[in-house]
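Trainee: I'd like to learn how to read the contacts in a model like this one. Can we go through it together?

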Amino acid sequence: MAIALFVTCLADTLFPRAGIATVQVLERLGVEVDFPSAQTCCGQMHFNSGYRREAAQLAAGFAETFAGYEAVVSPSASCAAMVRHHYRRIDPDLVTPPVYELTEYLVDVLGVTDVGAYFPHRVVLHQTCHSLRLLRIGDRPRQLLAAVTGLELADPTHPDQCCGFGGTFAVKNPDTSAAMGTDKLNDLTTAGAEVVTSTDASCLMHLGGLAARRGGGPRFVHLAEILAATR
Amino acid sequence: MTTPTFLGMPPFPVTARAALSDGQLRRNLAGATATIRDRRARSVAELDDWEALRAAGAALKDDVLVRLPELLAQLEANVSAAGGVVHWARDAAEANAIVTAIAESHGVAEIVKVKSMATQEIELNAALERSGIDVWETDLAEMIVQLGHDLPSHILVPAIHRNRSEIRDIFVREMGRVGRPAPAGITDQPAELAEAARLHLREKFLRARMAVSGGNFAIAETGSVAVVESEGNGRMCLTLPDVLVTVLGIEKLLPAWTDLEVFMQLLPRSSTAERMNPYTSIWTGVTPGDGPQEFHLILLDNGRTDTLIDPVGRQALRCIRCSACLNVCPIYERTGGTAYGSPYPGPIGAILTPQLRGIHRRPVDEQTASLPFASSLCGACFDACPVRIDIPEVLVHLRAKVVDQPGHRAERATMAAAAAVLRSPKRLAAVQALGGVTAGRARRLRLRGPGWIGGWFRDRDLVPPARMPFRRWWKERSR
């Protein structure tokens, strides 16, 4: 039976390569992937911004779209956390299949840390807040990256500090958000990496946006893209 | 001495912006919070049963909140039986009036104060000054704030935004105006600053006939009140004057003496990162011939029962004012505490202040309404909280309350439009197609505009919408 990919509205629209890479990695490991085309958004932005009614509609849509699948896999810790942790606050009766962030699915369900990837670059991992403190995925992304051939992993000084994105926080408190992002960017680049990666496209959008404005700097690549890369 | 207040401050994004541009403040805060964060992590890691302690602390406080009327009555009976006088204050004005009346009944012209969040909350100092009574903060950091005509910016370390050379300047400039001047030639060495404070305060301790304190805990079973501190200046106030007045939030209760055991482990490690705090003072009513001979306990509501009615928000009343959430908060670290416009800054302030100001009963002002949004929801505060307050959960809950208030028309329209698109895969695909065409071959977007657009693009670019969104890629691949 196929697993369902929940690509997220953000990756679908702005970072399709993260979704394509997720499909490639899973298929390479023999997983049959389906993309239920009725999917849109998990409702996180509305929920976290206080728009409960809109969030409830989107959550109901998610539950309906993914009903019947054995598992859902998503290239976003934040969106997976939304479904797993916050849906019960929207509607305790809402039922969804188990939703996994990609690295959780690879390490915990498939039991794989070496996905056969080749990526000869110095990489720094931005550990996202929702991967650390909601999903508690710990060092799974690091385990996967450590097994990538040719990849050299750099260590930031403050690996568990927020990058300052925070959804609508980024636009409601733009100065604080940008100050946090600048500090995070400095920390990540001091580690001397060519590539910044993460389990969440949203953080990369924010950090990449700051870096682009500044000019130069590292490339921002979703973790799935590194895992999909081969020789 | 005039005390500034938080009244009339602009919303958080505005105050934060000003704070962010203060390089000295950013350096002071980054250094101080990083130090205390690391120390707390080490001190907590020493205990194998930290998670069990947190759960016990949360459960004990939840029990108190459920049984509050019964426990308060028990506390009142036991304090009265031990020779204390219990007063009930619905709000700040009532509490301030009670303290003022007690001072006036004794003809007292000056009061020494133990560091206390409850009295900051009710702005007692300003109220006493309006009645012509001098009030002296005796906690070192509170004294620095008071002498500097400043506002507190941290629960535990209210002068955290000051470095020692700023403190030296404040001492030199201000001490002589209100008492013993700073010694001539004083430098910014911590020992010299502490000595100047000691000499300055000693005069006030020996002269004062009345003291005001808050309380960390009150034990219903025995009628005892506890103050936990580091300097011993609190104990001076609690033991030297004839009259002692304690202002206590009604949620500070613990049912039994033995419950203190849990909190005396949780609080010091979470706040100062110490295994044990240096001074713990516990007293029960009055003791003839020893210490204050008159003890008043003012039980303060000031929005607490309004907070208690909300099933999600009420967990904020578990708070033991340790400051761990401030120290780990990446927003607090960059903006400092004054930006929050309340003596309760940081994550706990962002959920406590709006509730104490009545958000569950009526619309709140713009500044108060901005507080629940002063968070990236990173979750570091919840992990650090010794009584397991799920601060992100309450923040999001309060955001929904704010959004339901009148106003926010532009934002509401934006969010409704976004929801309309996101509810329908067809509309989402249409918007993606439009975005892809509009962006053309641009490698990055750099827009100008009002509101959220301006907010994003002030410091950031944006990747353009993909010319081949994922859903189209999938569709073409499946053909």
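Mentor: Sure. Let's start where the chains meet: the count between chain A and chain B is eleven salt bridges. Keep in mind that this is a predicted model.

Trainee: Which residue of chain B does A:E27 form a salt bridge with, and how far apart are the closest N and O atoms?

Mentor: The partner is B:R477, and the closest N and O atoms are 2.7 Å apart. For a salt bridge the cut-off is 4 Å between a side-chain nitrogen of Lys or Arg and a carboxyl oxygen of Asp or Glu, so this pair counts. Looking at polar contacts, the rule finds 33 residue pairs across the interface of chain A and chain B, both residues at pLDDT 80 or more.

Trainee: Which helix gives the most to the side of chain A that touches chain B?

Mentor: That's α10 of chain A, residues 174-190, with eight residues.

Trainee: And how do I put a size on an interface?

Mentor: People often quote the accessible area lost when the parts come together. Here chain A and chain B bury about 5,400 Å² between them, with 60% of it on carbon and sulfur atoms. A:Y51, A:K172 and A:R213 supply 13% of what chain A buries against chain B, more than any other three residues. As for contacts, 60 residues of chain A touch 62 residues of chain B.

Trainee: Can I read the inside of chain A that way too? Into which domains is chain A divided?

Mentor: Domain 1 covers 2-109 and domain 2 covers 122-228. The contact takes 29 residues from domain 1 of chain A and 22 residues from domain 2 of chain A. Between them they bury about 2,000 Å², and carbon and sulfur atoms give 69% of that. On the domain 1 side, A:A77, A:T103 and A:V107 supply 21% of the buried area, more than any other three residues.

Trainee: How many salt bridges does the rule find across the interface of domain 1 and domain 2 of chain A?

Mentor: Two. Separately, have a look at the side chains of A:R140 and A:D108, which meet in a salt bridge at 2.8 Å, N to O.

Trainee: Last one: sheets. What is the strand order in the open sheet of chain A?

Mentor: Read across the sheet rather than along the sequence. The four strands go β2-β1-β3-β4, with parallel pairing. The edge strands are β2 (33-34) and β4 (99-101) of chain A, each pairing on one side only. Helix α2 (residues 16-28) of chain A packs on the sheet, touching β1, β2 and β3, and its direction makes about 160° with that of β1(A).

Definitions and conventions. Residues are numbered from 1 along each chain as its sequence is written. Chains are lettered from A and ligands numbered from 1 in the order in which they are written. This is a predicted model: local features need pLDDT of at least 70, side-chain atom pairs count only at pLDDT 80 or more; totals for chains, interfaces and linings use all residues. Side-chain values use heavy atoms; hydrogens and water are left out. Two strands pair if DSSP finds at least two bridges between them. Helices (H or I, at least four residues) and strands (E, at least two) are DSSP runs, numbered from the N terminus. Contact means heavy atoms within 4.5 Å. Axes are lines fitted to C-alpha atoms, for helices over the stretch in contact, and angles run from 0 to 180 degrees between N-to-C directions. Domain bounds come from an automatic or database domain assignment. Buried area is the accessible area (1.4 Å probe) that two parts lose on being put together, summed over both. A polar contact is a pair of N or O atoms within 3.5 Å; within protein, one must be able to donate a hydrogen and the other to accept it, and residues adjacent in sequence count only if both atoms are side-chain atoms.
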